[in-house]
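Reader: Hello! Could you show me how to read the features of a protein model, step by step?

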Amino acid sequence: MQNLKGVIKAFTIILIFACLLQLSFTFLARSVESDAAAYAQKRTGTVTNTLTGDAAVAYSDSIEKLTNYYRRGYLDSVQGLSIISGWEGGPSYRFCRDNSLKLGLDLKGGMSLILEIREDEVLRKLSYNNRSQVFNQAITNAVKAQSSNADVDFLTLFQKEFEALNKDGKIAAIFAPVEAYQGKINFNSTNAEVIAVLRADMKSAISNTFQVLKTRIDQFGVASPNISLQENSGRIILELPGVEDPTRVRKLLQQTAQLEFWDCYDNREVVNFMVQAFENAKTLNAIKKVEDTTAVAAVADSAKQPMSLIDSLSMAADKDSTGKKDSLDKTVSPLARLLELRVSREGEVAEGPIVGLAMGNDTAAINRILANQAVRSAFPPDLKLLWGIKPFMKDSRVYAMYAIKANPSTPEAPLTGDVIKDASQGHDPVTGTFTVNMRMNSMGASKWEKLTEAAVTGNSINGKDFKRSVAIVLDSRVISAPTVQQKISGGSSEINGLDDLEEALDLSNILKSGKLEARTVVIEEQIVGPSLGKESIRAGLLSLAVGFLLVFIFMIGYYSTSGIIANAAMLLNLFILVCALISFGAAFTLPAMAGIILTLAMAVDANVIINERIREEIHRGKGMRLAVEEGYQHSYSAIVDGNLTTMVVSIVLMVFGLGPIYGFGFTLFVGLLTSLFTAVLVSHLIFDWAFNKGYNVQFGKKFTSNLFKGTQIDFIGKKKISYSISIIVFLISLASIFTLGFDFGVDFKGGRSYVVQFDKDVTTEQISGALEKELDGAPIVKTYGSSNTVSITTAYMIDATGENTDSIIEAKIYNGVKSIYGKTPVFDDFRVKNVKSSIKVEASVADDIRSSAWKAILFGLGGVFLYILLRFRRFEYATGAIVALIHDPILILGIFSLFKGIMPFSLEIDQNIVAAILTLIGYSVNDTVVVFDRIREFIGLHPTRTLEQNVNDSINSTLSRTIMTVFTVFVVSLVLFLFGGTPIRGFSFALIIGLLVGTYSSIFIASPVMVDLWNRKTKKA
C-alpha cells in the first residue's frame, strides 16, 4: 500500500511540473505578441502623430490595417526562432502559440464556419464535364437526396440515382474515355468498381481542398485558428478567433483561385460581332431581371451617381414613341437596355480588350441573353466574354466586359496558376495602388515568354499594327488586362491596380497556397463581435470566481478541516483540468466554462461522499485514521459508478455533438478523469500528510455533524403521492410539447440570427414592424439581455447561394432599422459595431443538428441503462433508473414549452439546452447510482429486513450527501444564471430546474419503481 501511495505521490509531482510547463507556453507566446503589438504601434506612430482632427478620423481604418500588417509581419519573422534569447534550440513562437491557452469565439470574438465541399462539382470535374443527360440528372437527384440522407455519402446516392434512371446503365461509359482513368476503369467495369475508384479520387480532392484552406488560414494571420475535416460528410469546420472582417474571410475561403492567363481580342476586332449580337437579341420577347445583388453597394454608397450613357440608353430603350415604358418592344434589343458598347456617339471605337460596360446588377441578365443560341451565333467560336472582378472605376457600380481570345479545341487557358511558385504583395508609389508580384517555374516562364511575344508581334487591324493585352483571370473574373509592351522573359509578372493592402495580401496568399480542388459553400456561420466577447469573458470569469468562492466557503463551513483538504484537491483538479485542455488544443468557450463548473460540482460530490462515509465510521466509534481508510474504501464504489455513468453521457456528447455540445462533452469527460484522480487519490495523500504532521483533522462542527443524523422518512410509503404528482406533471408536459411546441433556436430550424444593439431602448414590435417589408415577412425579434439589444431571426433567402447573400441581408436589416437609431450609423459601422453577433445555419445543417441531438439523448439513455444493468446485474435497478431518466428530460422540456414567451429571458431549444439535458441525465443517474449502491450494500448487510425498509434506510443514510451535493451544484448553477451572461441563461435555467427534478426522481421515482418491479418478480416466483 505504501509503495502505491509513493507512486501516486511521484506521479502527482510530475503531473504538476508538466502542467506548469504547459502553462509557460501561454506566457511566452503572449510575451512575443505583446512585443509585436509594441513594434507595430511604433512603426505606425509617426504617421498617427501627424494626423489630427478630421484627417485622423478619415485615416483611422487605414492606420489600423497598417498596424495589423506590421504586427503580422513581426510575428511571421519570428515564427521559427527560439523565443528564449541565448537558447538556440529553444521553443519557437509557433510552437508556443500552438500549445498556448486558446479562447473560443464567445470569449474573444471571431468567426466560426462550416464549409461544405461541393462533391457534385468534383464529380462533374472528374468526368471532364460529361454532358450525358442521365449522368447530370443523377447528380442533381443525388444532391436533393443528400439533404434528407446526411448519413449516406454522396457517391452512394449518385450510384443509386443513376441506376434508378437507367437500370442497365454503365457508369464506366462516362469515365472510361477520360485519360486520367486509363488503366483504372474500362468499359467492362461494374458500377461498384467505378464508384470505388471515384471514391478514392473524391477523398483526395476533399483532402487537397482541406490542405489548401488550411494553408490559407495559416497565412491569414489568425491567432490560434482551429480547422478540422469531416471526411465522411465532406465538411470543413473552422474557428477563427479575433477575426473582425467576415466578408474578407468568406472571400478567402470560397475563392477557388483558378488563375488563368488569356490572350485578348481588341475591341475593334469584335465590335461588329457585338452589334450583330444586339440585332439577334431583338428576337427575344422579354428579359427577366435578376435580383439586385448590389444592395450592399447601394447602401454603402449613399451619394447619388451621375447618369451614365448606360442609363441614357436604358431610358431611351425602355420608352416607346409616346414616352411610355414598353419592356416587350421587339424593335429594341434587350442588350441595349443593359450593355453599353465601347463606341462613342461619333462612332469612334475604343481600343483595348474592353468591349462593353454595364451596371453590376445587370450582369447576370446580360449573361443569360448572351447564352441564348440565337445571340451566341453572332460570335466566332474563339470569342469568350468575361466580366471584370471589380468596378471599372473606383466608387462606381459599373463593370467592364472583356473579350477573351480562346482556343476552340480546348477549354484550358494557355497558362494557369499551377506554374506560380511564389507571390508577394507590393506597392506602386506612382499610382498609390498595391500590386501582387508573381514568379513562375521554368515551364511557366517559357509559356509566358511565348504568350507575351505573340501579343506584341503579328497583330494588325486595317493594316495598322497593334499590341494585344493579356488578361489575368481569377475564377472566371478578369483582375487586370494590361497591354503587353514587349516580350517578358524570366517568368515574372505583376497584378496591379489593387486599392487595398489587405486585398493584395489575400490575393498573394491565395496564389501561394494554390487553387481549390472543389468549390466550397458556407452552410453554417457564427460571428461574435469583440465587444460581446469581452462581455462574455467578464461574465464567465465572474461566474467562475463567485461559484468557486461560494463552494469553498461552504465546504470549510460544513466540513471544517476536511473541507480545506477537499478544497485543496478541487483547486488541483481545476489546475490539471485547465492544463489538460490546453494540451489537447481545446478552446475555452462558455459551454466549456459550464463544463468546468459542473466538473467542480462532481468533484464536490465525490468529496461529500467521502466525508460523509468517514463521518459514519467515526460515529461507529472507530479511530480517526481507521475511519478515513474505511471511509475511502466504502466510497470507491459509489464515486466510480457515479462518474462512469456521467462519462457515458459525455462520450455520447462527443460522438454525436456538434460545436458547443462537443466542447462541453469533451471538457466534462476530461474533468471527470481529473476529478477522480484528485478527489479519490490526491485528497487521500493529503489526509496522510496531515496525520503524519500531527494536525488536528476535523470533519465538521457538532451542528453539521449531526444535521441529518437519525432521519427516518418513509420515502417508499409515499410512492402513491409521488407517482400521482409525476404522472400529472408528465402529462401536462407532454400536452404542452405536442400542442404548444418549442421555441427552436436557429441551429435547430435553420435561418439567420443577428444580435443588434441600438443607442436607445427599443421594443420587439417596433423592430419586427420595421423589418417586415424588407425581409418579405416579419422576423422573430426578442429582447437580448438589455432593452436596447434584440436578436433578429429570419429564414429570408436561407436557400440562396450567391456570394453576396449575407451582405444583402445585412443591408436590408440596416435599411429597416436605421431610422430607429437616435444617431444613424453608417452602414460599415453598423455591421462592425452594432451587429454584436450573427449565426447562419442552412436547413440541411439544422436537420443534422436535430438528428444528432436526438441520437445523443437516445444513445445516452441506452448507454446508462446498459451500464447499470451490467454493474448491478439486476433488471429492476436499470429499469428504475431509466424510468427516472425519461421522466426528467420530459419535465424540463415541458417547462421550456409551457413558459416560452412568458419568462423574461429566452427559452429557445438549441444545442446548449441539449447539452444541459444530457448533463442532467448524467447527474440524475449519478444521484440514483449512489442511492442504488447503498441499497445493494444494505441488502447484503441486512438480508432479513424487508426490501422497503432497506431502501428507506439507504435513502435516509445518503440524504446528507444528496442535499449537500444538490445544494452546491444549485449554488453554482444559480451563479451561472445570474452572472453567466445572456448566451447561457437558458442553459443555466435548465440546470437549475433539472437539478431539482433529478434529485426528486432519484428518490421518489427510481427507487420506488425498482421496489415495485422487485416485489412483482418476487411474488411471481
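**Reading the model together**

Author: Let's start with one residue: leaving aside residues up to four places away in sequence, M555 touches S560, G563, A566, N567, M570, V604, N607 and V608. Such a contact means heavy atoms within 4.5 Å. This is a predicted model, where local features need pLDDT of at least 70 and side-chain atom pairs count only at pLDDT 80 or more, while totals for chains, interfaces and linings use all residues. Residues are numbered from 1 along each chain as its sequence is written, and side-chain values use heavy atoms, with hydrogens and water left out.

Reader: What is the mean pLDDT of the chain?

Author: The pLDDT is the predictor's confidence in each residue, from 0 to 100. Here the chain has a mean of 80, and 86% of its residues reach 70 or more. Over residues 285-330 the pLDDT is below 50, and this stretch has 74 contacts in the model beyond near neighbours in sequence.

Reader: Which residues have the most contacts inside the largest nonpolar core?

Author: First, the idea: a nonpolar core is a set of buried Ala, Val, Leu, Ile, Met, Phe, Trp, Tyr and Cys residues joined through side-chain atoms within 4.5 Å. Buried means under 20% relative accessible area, exposed over 50%, and partly exposed in between (1.4 Å probe, protein chains only). In this structure the largest core has 123 residues, and M555 and I868 have the most contacts inside it. Apart from it lies another core, of 75 residues, including L123, F135, L451 and A518.

Reader: Back to a neighbour of M555: where is N607, in a helix or in a strand?

Author: Helices (H or I, at least four residues) and strands (E, at least two) are DSSP runs, numbered from the N terminus. N607 belongs to helix 22 (residues 590-619). N607 counts as buried because its relative accessibility is 3%. Among the residues that N607 touches, not counting those up to four places away in sequence, are A679 and S683.

Reader: And S560, is that residue buried or exposed?

Author: S560 has a relative accessible area of 9%, so S560 is buried. You will find S560 in the loop between helix 20 (530-559) and helix 21. Its phi is positive, about 60°, although S560 is not a glycine. D776 also has a positive phi without being a glycine, near 55°. D776 is in the loop between helix 28 (764-772) and strand 21 (780-784), and D776 is exposed, with a relative accessible area of 63%.

Reader: How many aromatic pairs does a search of the whole structure find?

Author: A pair of aromatic rings is described by the distance of the centres and the angle of the planes. Rings of Phe, Tyr and Trp (its six-membered ring) pair if their centres lie within 6.5 Å; planes under 30 degrees apart count as stacked, over 60 as edge-to-face and the rest as tilted. The search finds 27 pairs. One of them is F584 with F666, edge-to-face at 5.5 Å centre to centre and 90° between the planes. F584 lies in the loop between helix 21 (561-583) and strand 19 (587-588), and F666 in helix 24 (residues 660-692), so this pair ties together parts that are 82 residues apart in sequence. F584 is exposed, at 56% relative accessible area, whereas F666 counts as buried at 16%.
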